[in-house]
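Trainee: I would like to learn how to read a few features of a protein model, beginning with a helix and then moving on to its side chains. Could you take me through them slowly?

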Amino acid sequence: MTMSVPERKSGSEGKEEESEDESEIVEESPCGRWQKRKEQVSQGNVPGVESASLAMDTEEGVEVVWNEVLFSDKKVFKAQEETIKEMFENLMQVEHPNIVKFHKYWLDMKESQARVIFITEYMSSGSLKQFLKKTKKNHKTMNVKAWKRWCTQILSALSYLHSCEPPIIHANLTCDTIFIQHNGLIKIGSVWHRLFVNVFPDASVHSKARQHRDEQRNLHFFAPEYGSGEDDYATDIFSFGICALEMAVLEIQANGDIAVSKEAIVNAGQSLEDPLMREFTQSCLRHEAKLRPTAHDLLFHRVLFEVHSLKLLAAHCLINNQYLLPENCVEEKTKSFDPNAVMAEIKHDDREGAQLKYSHVSPLELDKFLEDVKNGIYPLMNFASSRLHPVPRALSLSQEQVETVKTPTPEPQETESRKVVQIHCNLESNEEGTKTHLSLFLKMDDKLHRQLSCDILPTDSSKDLASELVHYAFINEEDSEKVAGFLEDAICRHRVRGLPSGTTQ
């Protein structure tokens, strides 16, 4: 989905009033979490989407996009209802740091028409196309390191989509559907484009002229086989190749024509000074689809692939196990170090060695680096195996249930394969005895630990707690009975006998 930053009115009193009017809440979701505003967000060719407005996520306190698909014929809607539900349930399972997040959807039936409303992440910093235009306008060239980092993030997202089961083909990857955040994080949007084309083939009748203009302007992004029914992941690779080329040269000149010519693409490729960059983009743009590399293969291309530094590997390890560490551990740890102490040293027999002291490392830079890793700017996809990621089918809520649920419960995305080898729990009740805080420490068979905590009520049973742990992939299903038995014994001893907390198995 192509989204641009809406213009914020400022300056005169009249414009301020207009801005206030745009921020007025015009509709609310059934659960009360999402609040639609008048302010529109412009977007490109997304089949079926009649309007997109800014909205507020009242739980997270962030802006999101409120999208609407309208059905004037309720019979058509009824005929497609189950297909629509299945499509949106699958979209909600797509989870990747470099893909625009799909938050929630619901169906709205009225006498005159039916609507599908879905909430997506709002990319406030604009599209890659806008960024490239600004860069060119300022007479700047593209930084090679930034180009590599962007390519890696886009390929990381494509590799994830293509390895889903069934594979998800983007089919609308352009510089307008790639977004860049202020911190350098790249996200691709419009992931649902191909699915929408299949489900809403006759939709969006009112915007055919605009769609035609967009398709003409972005025609060079689409592979020769596009629309033939035989297109697969290779279609996305061709589109990525054009994106990578545009990122490198900032703009492929159209010479006054509406569409970019093949000659212009060839000239842009030949203008690249780095032979590896030339070979990289050319491999993506091969005419025969079967000769194009996969996204996973491209991550290993010499122009992108670098052996990850120990610093990056350590950062990923720290982020992945953050739940085991206290909140400000990096800051507290760096404070305790002697700045003149030697952190690492390289010795040479024939010349003077090198020393790295703690004073050479800035805690602020380290925090920024960890934040970038956490946000997905430095993915470790190069070392990931090319495996299938099943897209699980989430349980669907009926319309009646949606209206009664305040906050939708997220569905698990995978199961825990490791076994629990040791359990320790701690129970503490409040003075009134109405609520007990449970802290659960699990040692897994790979020697890694998992620490969980929650408040339990007197009505909660140990079986329900164990089932919930399985549901959220915290424990293996085979361990459910063992964990339930352990919790039953611990809770009974705590409640009935009033024994001190701290039980181990």
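Mentor: Let us begin with a helix, bearing in mind that this is a predicted model. In helix α8, which spans residues 262-270, the buried residues are Ala264, Ile265, Ala268 and Gly269.

Trainee: Where do Ala264, Ile265, Ala268 and Gly269 lie around the axis of α8?

Mentor: They cover an arc of only 135° around the axis, so they lie on the same side of α8. On the other side of α8 we find Lys262, Glu263 and Gln270, which are exposed.

Trainee: What covers the buried residues of α8?

Mentor: The cover includes α7, residues 233-249, and α9, residues 275-284.

Trainee: Now I would like to turn to the aromatic rings. How many aromatic pairs are there?

Mentor: Two rings are taken as a pair if their centres lie within 6.5 Å, and by this rule the count comes to 11 aromatic pairs. One of them joins Phe88 and Phe102, whose ring centres are 5.6 Å apart; because their planes stand at 40°, the pair is described as tilted. This pair links distant parts of the chain, since Phe88 belongs to helix α2 (residues 74-91) and Phe102 to strand β5 (residues 102-109), 14 residues apart.

Trainee: Are Phe88 and Phe102 buried or exposed?

Mentor: A residue is called buried when its relative accessible area is under 20%. Phe88, at 0%, is therefore buried, and Phe102, at 2%, is buried as well.

Trainee: What does an edge-to-face pair look like in numbers?

Mentor: Planes over 60 degrees apart give that name. The rings of Phe131 and Trp150 have centres 5.4 Å apart and planes at 75°, so this pair is edge-to-face. Here too distant parts of the chain are linked, with Phe131 in helix α3 (residues 128-137) and Trp150 in helix α4 (residues 144-162), 19 residues apart. Phe131 is partly exposed, with a relative accessible area of 33%, whereas Trp150 is buried, with a value of 4%.

Trainee: Which residues do ring pairs link into a cluster?

Mentor: Ring pairs link Phe88, Phe102, Tyr105 and Phe118 into a cluster. A ring can also have a charge over it: the charged end of Lys311 sits over the ring of Phe369, 4.4 Å from its centre.

Trainee: Let us finish with a charged residue in a strand. How should I read Arg37?

Mentor: Arg37 lies in strand β2, residues 34-40, and it counts as buried because its relative accessibility is 13%. Its side chain is joined to that of Glu63 by a polar contact of 2.8 Å.

Note on methods. Residues numbered from 1 in each chain as written. Predicted model: local features only at pLDDT ≥ 70, side-chain atom pairs only at ≥ 80, totals over all residues. Heavy atoms only, no water. Phe/Tyr/Trp six-rings, centres within 6.5 Å; stacked < 30°, edge-to-face > 60°. Helix = DSSP H or I, 4+ residues; strand = E, 2+ residues; numbered from the N terminus. Buried < 20%, exposed > 50% of the residue type's maximum accessible area, 1.4 Å probe, protein only. Lys NZ or Arg CZ within 6 Å of the ring centre and 35° of its normal. Arc of directions from axis to C-beta. Contact = heavy atoms within 4.5 Å. Polar contact = N/O pair within 3.5 Å; in protein donor to acceptor, adjacent residues only side chain to side chain.
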